[in-house]
Amino acid sequence: MFAHETLSPADRTSLLAGKPAVAGEDKGRTVCACFNVGEKTIRKAIAEQGLSSVEAIGRCLNAGTNCGSCLPELQALLG
């Protein structure tokens with residue numbers, strides 16, 4: 001946006017709010033802060049891709065592959 005000479009009102013509002021002008025998919029509350037992965041994203045991946053381990057979640061979404069503080073919560077989401 002900095003390359004543009006003028007900005008639309010929506011772009012200005014977006015920049016001031018620190019949020020994209022077009023809302024993305026609701027990812028749910030953040031479970032993995034390192035990679036900004038939400039609970040709804042994790043549950044969707046588990047259901048749609050048949051993920052059955054924390055390692056599988058990590059391969060698919062990167063969640064749990066950095067600091068590891070979310071590993072217990074990832075395990076709990078698996079049931």
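At what angle do α2 and α3 pack, and how far apart are their axes? Let's start there. This is a predicted model, so take what follows as a reading of that prediction.

The angle is about 105°, and the axes of α2 and α3 are 11 Å apart. Angles from 65 to 115 degrees count as roughly perpendicular. So α2 and α3 are roughly perpendicular to each other. Who makes the contact? On the α2 side, T41, I42, A45, I46 and Q49. On the α3 side, I57, C60 and L61. Sort these by class. The contact of α2 with α3 has 6 nonpolar residues, 2 polar ones and no charged ones.

Now the core. The largest nonpolar core holds 14 residues. Which of them touch the most other members? They are V31, I42, I46, L51, I57, A63 and L74. Several elements feed this core. Strand β1, residues 30-32, supplies at least two of its residues. So much for the strand; now the helices. At least two residues each come from α2 (39-49), α3 (54-61) and α4 (71-78). As background, in soluble globular proteins, nonpolar side chains tend to be buried together.

Take I57 as a way in. I57 sits in helix α3. Buried or exposed? I57 has a relative accessible area of 0%. The cut-off for buried is under 20%, so I57 is buried. What does I57 touch, once residues up to four places away in sequence are set aside? The list is I42, I46, L51, N62, A63, L74 and L78. Recall that I42 and I46 also belong to the α2 side of the helix contact.

Next, L74. Along the chain, I57 and L74 are 17 residues apart. Their C-alpha atoms are separated by 8.0 Å. Leave aside the neighbours of L74 within four places in sequence. L74 is then in contact with V31, I42, V54, I57, A63 and G64. Of these, V31, I42, I57 and A63 are also on the list of core members that touch the most others.

On to charges. How many salt bridges does the structure hold? There are 5. I'll walk through some of them.

E39 is the residue to look at. E39 is in helix α2. Its relative accessibility is 18%, so E39 counts as buried. Beyond residues up to four places away in sequence, E39 touches K27, G28, R29, V31 and L77. V31 is one of the core residues I named earlier.

E39 forms a salt bridge with R29, with the closest N and O atoms 3.0 Å apart. That pair links distant parts of the chain. E39 is in helix α2, R29 is in the loop between α1 and β1, and 10 residues separate them. R29 is partly exposed, with a relative accessible area of 44%.

E39 has another partner, R43. Here the closest N and O atoms are 2.9 Å apart. E39 and R43 both lie in helix α2. They are 4 residues apart, about one turn of the helix. R43 counts as partly exposed, at 43% relative accessibility. Put the shared partners together, and salt bridges join R29, E39, R43 and E73 into one network.

Another salt bridge pairs K44 with E25, with the closest N and O atoms 3.5 Å apart. This pair also links distant parts of the chain. K44 is in helix α2, and E25 is in the loop between α1 (9-17) and β1, 19 residues apart. What about exposure? K44 counts as partly exposed, at 36% relative accessibility. E25 is exposed, with a relative accessible area of 62%.

Two last stops. In helix α1, look at S14. S14 counts as buried, at 11% relative accessibility. Not counting residues up to four places away in sequence, S14 touches K19, P20 and A21.

Then back to helix α3, for E55. E55 counts as exposed, at 54% relative accessibility. E55 and T65 are 10 residues apart in sequence. C-alpha to C-alpha, E55 and T65 are 8.3 Å apart in space.

To recap: α2 and α3 pack at about 105°. I57 in α3 is buried. E39 in α2 takes part in a salt-bridge network with R29, R43 and E73.

Terms used
Residues are numbered from 1 along each chain as its sequence is written. This is a predicted model: local features need pLDDT of at least 70, side-chain atom pairs count only at pLDDT 80 or more; totals for chains, interfaces and linings use all residues. Side-chain values use heavy atoms; hydrogens and water are left out. A nonpolar core is a set of buried Ala, Val, Leu, Ile, Met, Phe, Trp, Tyr and Cys residues joined through side-chain atoms within 4.5 Å. Buried means under 20% relative accessible area, exposed over 50%, partly exposed in between (1.4 Å probe, protein chains only). Contact means heavy atoms within 4.5 Å. A salt bridge is a side-chain nitrogen of Lys or Arg within 4 Å of a carboxyl oxygen of Asp or Glu. Axes are lines fitted to C-alpha atoms, for helices over the stretch in contact, and angles run from 0 to 180 degrees between N-to-C directions. Angles under 35 degrees count as roughly parallel, over 145 as roughly antiparallel, 65 to 115 as roughly perpendicular and the rest as oblique. Ala, Val, Leu, Ile, Met, Phe, Trp, Tyr, Cys and Pro count as nonpolar, Asp, Glu, Lys and Arg as charged, and the others, Gly among them, as polar.
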